[in-house]
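Subject: Structure handover

Hello,

Here is the structure I promised to pass on. My notes on it follow below, so please have the coordinates open while you read.

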Amino acid sequence: MSLPTPKPSRCVLPPCLGRRVPGLFLALMMAGLLVDAGCGEKPPNIILILADDMGWDIAALGHPHVKTPHLDRLAEEGRVFENYYVASPVCSPTRVSFMTGVHPSRFGIHDYINSDMRANWRRNIPNFLDPNIVTVADVVKRAGYRTGHFGKWHLRSGAAPSQKDYGIDHHRSTWLLTNHFRTYSSSSCVEEALRFLDQRGEQPFYLNLWFFHMHRPVVASLDQKRVYDGETFPPSDFVSHMRDYSELMTDPEERFLAYNAVVTSMDAAVGRLLSFLDEQGLTDDTLILFTSDNGPEDFRLGLSAVPGAGSSGRFRGRKRSIYEGGIRMPCIARWPGRIPAGTLDSTSVMSSLDWLPTVASLAGEETPPHTDGEDMLEVLKGTPGVRERPLIWEFRNEAVGEINDAPRFAIRDGRWKLLWEEARDGEGGEQIPAQLELYDLEADPEERTNLAGTEPVLEAGLQARLEEFKASLEGRPVVITEQPEVEMLVDPGGEVNLRVAAVGTPPPAYRWFRNGVPLQDGPRVEGAASHLLVVSDLVLEDTGSYLCLASNGRSGLRSGATRLQVQEAPSVTRQPTPRFLWEGGVASYSVGVRASGPVSYQWYQGTVALQDGGGVSGAQSANLRLEDLDAPMIHGGAEGYFCRITNLVGAVQSESAPLMVMEAGSADFDAWIAFYSEGAIRTGSFVADLDSDGWTDFLEFAGGSDPTSAHERPAFEVRGNAGGLEVSYERWRGGAERGFGGYETLALRYDLEVLKGQQWVRLRELLALDRVETSEEGTSERAYYRSLLPGHRGALFLRLRVTQR
């Protein structure tokens, strides 16, 4: 798909302001916001590096054995966050949270998405994330970013939907699964990412670099292992839960060697990326966040190529557990000059759910409504903060190892974490009692002392929040919580925002319509599939009724409609044309206008404003009709007919068109020519042989009186013939009918008539076929009429008869 035209980052304005506040006033009023949102300066590049099944396996963060010089560099140059959580202890749900800022369980993605669709059906999990949901890639693209994703995806079970359907411009997530790739997959992902960065142009970029490492199979080469030649990995070097776990491992030396060797290989791939940023001068302009999708794998899983040697640090739990070791991940953020280097945040509680709203704030864009995450930009930049809302987890599967097997739900609010599961029936029909655990994470981050029963009021409140969350996961119809404005009047070239917000389970997707037709993103339209529609560089054709359909697969609901009126001053697109007719005929004038409504018309004859009556009709419309005209009458120049067109924002006046009314038979063809050419063509029936075919051309079909276009009207010609004159026109060309000397519109019929003796006869009744000609356009025939001229007359008399159908 084609890329949008790069645009500067926009500042997000409160909904009440829209985009109609004068620029200077807005700049003064919003000065504080402009600084925070980064307006007026180039937005940073953004890279999210996501490891897979990696624990606290970074030397700078306290791992006793692993070698990670490049991740250590990130920590030295950035800020480490000790209380960083992912939304799930398995991969797919966590990836959903990074992409959407919405709790994955709200989409039904409470476990990993299996490549076997039947397995998904049995677990009541969709086969893919709804591609109509607004993603972080959609948000940054609105701000003019170029987007890329390289590495693991795991948000679908088949080949569709494509990453492009989620706002990703460039991507690669599949490789031939050779042993070499399994061993060096991180290097392959980085090489693809560097190709993307090499083509970056002037746009800022957003990059997902999601490694396959350290997911199984973990296959270390001999070269990777040589980094650790002669080294040992005693379990006693670890502390707390990780020490207890490693002491249970069989063949710990071999397991740690294989695992650590691949971690160091992944670290080297990160180093290749950092070197590229240095070489290209991008380091200072790029925000990098590094973390893992969930806790490390457990060796007791019993599968091949699963060392299970990742460190959970001091925390209880591993992958598939919502104890801290399964969801509390190492996190490093670096943005030189903006994030304080070499610092530690040990108090702020952050989540993968916060990624989208934080990136939206960074890019100066609006966060989609009803996300579960929070804007943590100031926390990233070094100011510790307190969450407004607690974090909640849900995991329905079992963990490996009894100590890791937690209840289904957990919530962290401040220092307190409560885990809960209601009583249920087991697979064998046995009754499983309710479970409740309470931990003070400031005093007991290792979750060793269950304080359930000691804080009944606190427990009741946290459990109620979990019960409320559980109830919200049941299918709920869409409810619109914010409607767009009812009416907007804007100027051409301006920009409008239309907002809508809705809730439901699953979370609703959005689609905007104009006059019943679905909109698509393009050069002037953004957010056609999001809560926020932006239409810029407005033109008159953007006028219409706009509404949004919010739907979630269970129900859909239309928002109220916004009547958008682009206020354009009138301009004349078709001028009135001269009229020549005989006494008793009908003269009609019309004007074409481009303008926003309502539009008023007023016709004038000279300085006199016309009114309907006495043979005049349509004096206040686009079409003026004059009947019962007496001869002779000549209204030309300043006495001609023109129309003044007015709307709410301006007025315009058409050109003046003349009128000539003559007695029947009192004017010849020479007068007609002189009238319609306003004297530019010399009088006399013989004018000029314009196309050098021996036939003299003249104004066709009464010039502007012809209701058809110039392309469609037949080419009339006249020439001398045996002491008389002959009029003819092209009847056929290339198999297409060109006319019969008469035309019809919806309201009127036009006939060209010839004065034969004392009677006017329609030309079509006198026509005969003559000359058959062949050209590149095909075969043509000419229809003709010949007449001897009396000695006292030097032209044919013709007239145009107009009758109402």
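Glutamate 388 sits in the loop between helix H13 (377-380) and strand E12 (391-394); helices (H or I, at least four residues) and strands (E, at least two) are DSSP runs, numbered from the N terminus. With a relative accessibility of 70%, glutamate 388 counts as exposed (buried means under 20% relative accessible area, exposed over 50%, partly exposed in between; 1.4 Å probe, protein chains only). Its C-alpha is 9.7 Å from that of glycine 414, and the two residues are 26 apart in sequence.

A word on provenance: this is a predicted model, in which local features need pLDDT of at least 70 and side-chain atom pairs count only at pLDDT 80 or more, while totals for chains, interfaces and linings use all residues. Residues are numbered from 1 along each chain as its sequence is written, and side-chain values use heavy atoms, with hydrogens and water left out.

Now some backbone details. Two residues that are not glycine have a positive phi: histidine 370, at about 60 degrees, and glutamate 447, at about 55 degrees. Histidine 370 is in the loop between helix H12 (355-363) and H13 and, at 43% relative accessibility, is partly exposed. Glutamate 447 belongs to the loop between strand E17 (435-440) and helix H14 (456-472), and is buried at 1%. You will also find cis peptide bonds, with omega about 0 degrees, between alanine 160 and proline 161 and between threonine 505 and proline 506.

How do helix H7 and helix H10 pack? The angle between H7 (residues 179-198) and H10 (residues 252-279) is about 15 degrees, and their axes are 8 Å apart. That makes the pair roughly parallel, a term for angles under 35 degrees (over 145 is roughly antiparallel, 65 to 115 roughly perpendicular and the rest oblique). Among the residues making the contact (heavy atoms within 4.5 Å) are Val190 and Leu194 of H7 and Met266 and Leu273 of H10.

Finally, the largest nonpolar core has 52 residues, and Met54, Leu209, Leu273 and Phe290 have the most contacts inside it. Such a core is a set of buried Ala, Val, Leu, Ile, Met, Phe, Trp, Tyr and Cys residues joined through side-chain atoms within 4.5 Å. H10 gives the most to this core, with 14 residues. Apart from it lies another core, of 44 residues, including Tyr166 and Val379.

Best wishes

How values were computed: Axes are lines fitted to C-alpha atoms, for helices over the stretch in contact, and angles run from 0 to 180 degrees between N-to-C directions.
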